[in-house]
Each structure stands twice: as C-alpha cells, then as structure tokens.
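Hello,

Here is the structure for you to look over. My notes come after it.

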Amino acid sequence: MQRKKIKGKGIVRGVGFRPFVYRCARDLSLSGYVRNTTDGVDIEVQGATESVARFLRELRLKKPPAARIDSVLAETVPLRNAKSFDIKVSGLSKGFTQISPDIATCTDCLAEMYDSCDRRFHFPFINCTNCGPRYSIIQKTPYDRQRTTMRSFTMCSDCAHEFKSVSDRRFHAQPDCCSICGPVFELRTIDKKKVRNVEPITETARLLKRGKIIAIKGIGGFHIACDATNSQVVRRLREFKHRPTKPLAIMAAVQDIDTIAFMNRDEENIFAAPVAPILLLAKKKSVICEEVAPNNPYLGIMVPYAPVHHLLLSHIPFLVMTSANIQDEPLVKEDEEVIEKLATIVSHYLTHNRRIENRCDDSIGFYLDGKGFSILRRSRGYVPTPVSLPRDVVPTLAVGPYLKNTFTLAHKRDAYISPHIGDLDNLETLAFFNEMIAKYERWFRIKPELIVHDLHPDYLSTKVAQDIPGRKVAVQHHMAHIVSCLGEHQVYDDVIGIAFDGTGYGIDGKIWGAE
Ligand SMILES: [Zn+2]
Ligand SMILES: [Zn+2]
C-alpha cells in the first residue's frame with residue numbers, strides 16, 4: 001500500500017486531463033483526488049504499490065492527445081483514510097494557467113458528426129474535451145466557458161448533463177454545445193442579404209462548385225475559398241490578392257491528398273496530429289490547376305480541422321483556402337471586415353455567431369527527412385503554448401522584426417511566442433500587434449523589464465519598443481537569427497554564424513545581408 005503526491009506542470013486545463021486521471025485511478029482502484037493548479041495539476045493517489053506505479057506510467061503514456069506535460073514530480077506521503085477518487089474544484093488564484101491552443105476535430109467527434117442517429121449529426125460546431133476551439137475564443141483566464149465567447153450560449157439540459165458527468169467525454173468541455181443550444185451558420189451575399197431556405201454549408205459548397213469565391217468563417221478567422229480545380233476562378237483570386245506566383249493553400253481530406261501530392265507516412269501523421277498545419281508537399285500532376293502554385297514543385301496542403309471544413313469537403317474535394325486578408329494586413333475575423341475589405345472578390349460569406357476573440361492564422365511547415373516537422377509559421381495549433389528556455393530570463397518583451405512579425409514575451413523559463421502578426425507597415429497590423437502584446441501581458445502576468453528590438457532605428461517595431469518603459473537592447477537582425485538558432489539547439493560555445501536573410505541594418509549603420 002502506498003500514497004503518492006504528484007505535481008504535474010504543463011497544459012492540462014481544457015484538454016480533458018482531469019477526467020482522464022479520474023478514469024485511470026478508478027480503473028486501477030486507487031483513491032485520492034485530482035485538482036487543477038495555476039501551472040498544472042495536483043494529484044494524490046493511494047492503493048497497491050504496483051497500481052500506483054502503473055498509474056504514474058499511464059499518466060505519461062496515455063494522456064489526452066492535446067495535453068502537454070512538461071514535468072512530473074512524485075513523492076511518497078503518509079497513507080490516508082479515503083475510499084473514493086474525487087475531482088476537486090480548483091478555486092481562482094493569483095497565478096495563471098496555461099491556455100491550450102485550438103485543436104483540430106478529433107476522430108470521435110467526426111464519427112458522431114457522420115452518424116445519422118447521433119444528436120450532433122452534421123452539427124458544424126461539434127467538439128469535446130479532446131478537440132475544438134480554445135485559444136481563439138478565450139477572453140480572460142483561467143479558461144472556462146464564462147470567460148470565452150461561448151458565454152452567450154446557454155447549454156441545453158442534454159449538454160449540461162454531459163458537461164457535469166465525469167464519465168462523459170464532454171465532461172467540462174467548455175465549448176460544448178449542440179444544434180439546440182449552440183451557434184449557427186448562415187450564408188449571406190456580400191450585400192448582407194441572408195440566403196434563405198437552404199442549408200448554408202451545402203449551399204456554399206454548391207456555389208463554390210459553380211465557380212464562386214466565398215469567405216468562410218472558421219476557427220481563427222475567415223478564409224477566402226474557391227474550387228482549386230478551376231483555373232479561371234483561382235486566377236481571379238490571385239489578382240485580388242496581388243499575389244502573382246506565391247502558392248495558395250489548399251484544403252483536402254487526407255485520403256484525397258494522395259491523388260494530388262506525394263505524401264509519406266510521417267507527413268500523414270503530421271496531418272493527423274491536433275495542430276493540423278499547412279504542409280508543403282511535392283505536387284503530382286493532378287486535377288489541381290496550375291494557377292494554385294505556378295512554377296512551383298510544391299503544394300501547401302492542409303486537412304480539414306473544423307467540423308465545417310469536413311462538411312464542405314464532403315461536397316467539393318479540393319478547395320483553395322487562403323487567409324482572408326488584403327496583402328499583409330491581419331486576418332479578417334468579423335463580418336463587417338469581410339464586407340468592407342473583400343467586397344470586390346467574394347460574392348458571399350459563410351459566417352456564424354460564435355465570436356472569434358483572438359485571430360490566428362494557419363501554421364505552415366514541411367517535413368524534413370530524419371528531422372521531423374520543421375515550422376515556417378508557428379500560429380494556430382501552437383499559440384500560446386510556451387517554448388521552454390534552457391535558463392531563466394528576466395521579464396522580457398522581444399518585439400520581433402519588421403516583416404512576418406511575431407513578438408515574444410518571456411519570463412523565467414517560459415517564452416510565449418505570439419501568433420503570426422504580419423508585416424508591420426500598416427495601421428491594422430500595428431493595432432493587432434499592440435492588442436496581442438497587451439493580452440499576452442495580462443494572460444501570462446508578465447510585466448516586461450527588458451525590451452528587445454531590431455537595431456534598425458526606423459522600424460515600426462523599434463519605435464513601439466522605445467515607447468515602452470524598461471531597459472532596451474537592440475539586436476542586429478542577422479545576429480538574432482544566429483542566436484535563435486543557438487538557442488534552439490542549445491549551443492553555448494563560441495561559433496561563427498552565417499545568416500542568409502535579405503538585408504538588415506548592420507552594426508556599422510550600413511546595409512548588411514546576403515541571399
Ligand atoms: Zn472531439
Ligand atoms: Zn445542447
């Protein structure tokens with residue numbers, strides 16, 4: 001007989017961790033409790049020594065797919081007289097809890113969504129403790145329904161019952177809802193008229209097949225969608241986006257990707273993971289029109305990651321799904337922005353009434369043989385999960401570069417990298433940049449003392465940095481690349497670094513750079 005007190009650190013809130021712990025303990029006949037804490041989870045278990053050891057193993061091996069455990073500390077404590085295993089309610093405390101990223105729809109939810117006998121048959125907001133929106137709907141921490149944009153939807157009795165049942169896979173699934181009590185989709189023409197007497201998602205698919213270009217509200221913002229096999233319509237979209245050659249992202253079901261691109265087992269696994277990023281794959285000669293990625297051997301492909309995407313793709317297999325924005329402005333997330341900014345390109349918009357609180361672009365990367373997934377853009381599915389630093393840092397804000405900006409807010413060993421912000425050369429992007437810095441400071445309770453910026457005196461990010469109180473450090477652009485590379489690979493030796501990355505402001509005030 002043994003009792004262990006276990007402290008786990010990581011992302012455990014909003015990802016079904018406590019019910020998982022409960023089921024593990026129950027199956028192994030252990031007593032004790034589980035409770036969320038500010039930075040993770042506290043567990044005490046008591047039972048046969050062998051079962052306690054097995055419990056500790058299962059904690060790591062069988063944890064829910066979206067949970068992230070950074071460290072587990074277990075110590076033996078005196079036995080207690082208790083028979084049951086309880087989930088304890090965690091009170092609000094002064095600390096903060098990590099926020100889970102948005103998670104692609106899980107296979108259990110998909111099975112229900114396609115089951116004509118299930119009460120969520122074809123329900124485009126289906127989610128559970130293992131999947132669904134998180135980061136994009138959170139308004140305040142700690143994460144629970146009342147502090148998300150789901151607060152305006154009152155659960156029906158069936159959903160409330162699931163939410164309260166420990167054995168249910170929707171136990172404490174904060175965005176839990178159904179067609180009775182949840183958000184709804186509607187299709188509108190660009191002059192705001194609601195398209196009536198049709199099922200909005202099916203009608204959207206029908207219009208896309210007929211060559212329409214439509215804005216579709218998803219998880220972190222809108223996409224502009226069109227048929228990826230229709231040259232004429234893709235060309236029109238390119239002209240609007242002022243992107244003559246840059247590849248446009250495609251969305252396709254994983255079983256259809258084989259017909260348009262070369263995909264190995266590892267790449268297939270990346271698609272199946274909760275992040276569901278855009279992956280660059282070598283293209284095959286296929287139905288995808290050349291205009292999607294002209295003179296480019298690769299296609300940027302993502303799999304459906306929200307229920308609405310799955311439903312759309314069941315009608316039309318290959319969609320161009322490009323971020324809805326003008327040039328380098330932030331992703332559009334409100335209906336009004338669609339009307340104001342996209343009226344010359346989209347004929348309709350498919351929207352819903354679950355507000356997107358935090359916009360978030362799709363993440364992009366590629367698979368490197370032997371090295372795994374290499375990230376080009378770290379956004380949806382990752383943010384705001386912190387990157388662990390090898391040593392403690394003082395509260396620091398690194399405002400990031402001018403182009404393809406992300407900033408980082410760090411304290412101790414956690415570095416919170418922002419979502420993809422964009423090019424800092426217009427007011428909209430600057431507003432988004434400032435909004436996210438304020439939110440990050442609030443969520444993660446970090447008041448920066450050290451402000452790091454690019455050496456270039458004229459960058460907007462430098463100007464912003466200079467207005468923030470605190471000690472400033474200017475870093476030369478290419479040097480920053482090399483140092484981040486050293487950090488990533490934890491190299492502490494003297495090195496000679498070579499950064500091939502366009503131009504930057506040199507330490508002698510001249511232009512430095514190489515391609
Ligand atoms: Zn699910
Ligand atoms: Zn309901």
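The notes below cover the metal site and the annotated residues.

First, the ground rules. This is a predicted model: local features need pLDDT of at least 70, side-chain atom pairs count only at pLDDT 80 or more, and totals for chains, interfaces and linings use all residues. Residues are numbered from 1 along each chain as its sequence is written, chains are lettered from A and ligands numbered from 1 in the order in which they are written, and side-chain values use heavy atoms, with hydrogens and water left out.

Zinc site. Four SG atoms serve as protein donors to the zinc ion (ligand 1): those of Cys 106, Cys 109, Cys 128 and Cys 131, lying 2.3 Å from it. (Donors are N, O and S atoms within 2.8 Å of the metal, or 3.2 Å for Na, K and Ca; water is not among the atoms, so sites may look incomplete.) Their spacing along the chain is C-x2-C-x18-C-x2-C. The site is tetrahedral, with angles of 103 to 118° among its 4 donor atoms; four donors count as tetrahedral if all angles lie between 85 and 135 degrees. Cys 128 is buried at 0% relative accessibility, and Cys 131 is buried at 1%. Buried means under 20% relative accessible area (1.4 Å probe, protein chains only).

Annotated residues. The unreviewed UniProt entry marks Arg 18 and Asn 36 as "active site". They span 19 residues in sequence, but no two of their C-alpha atoms are more than 7.8 Å apart, so they gather at one spot. Such annotations may be inferred rather than shown by experiment. Arg 18 sits in helix α1 (residues 17–27) and is buried at 11%. Asn 36 sits in strand β2 (residues 31–37) and is buried at 6%. Helices (H or I, at least four residues) and strands (E, at least two) are DSSP runs, numbered from the N terminus.

Best wishes

Notes. Four donors count as tetrahedral if all angles lie between 85 and 135 degrees; four count as square planar and six as octahedral if opposite donors are over 155 degrees apart and all others between 65 and 115; anything else is irregular. Buried means under 20% relative accessible area, exposed over 50%, partly exposed in between (1.4 Å probe, protein chains only).
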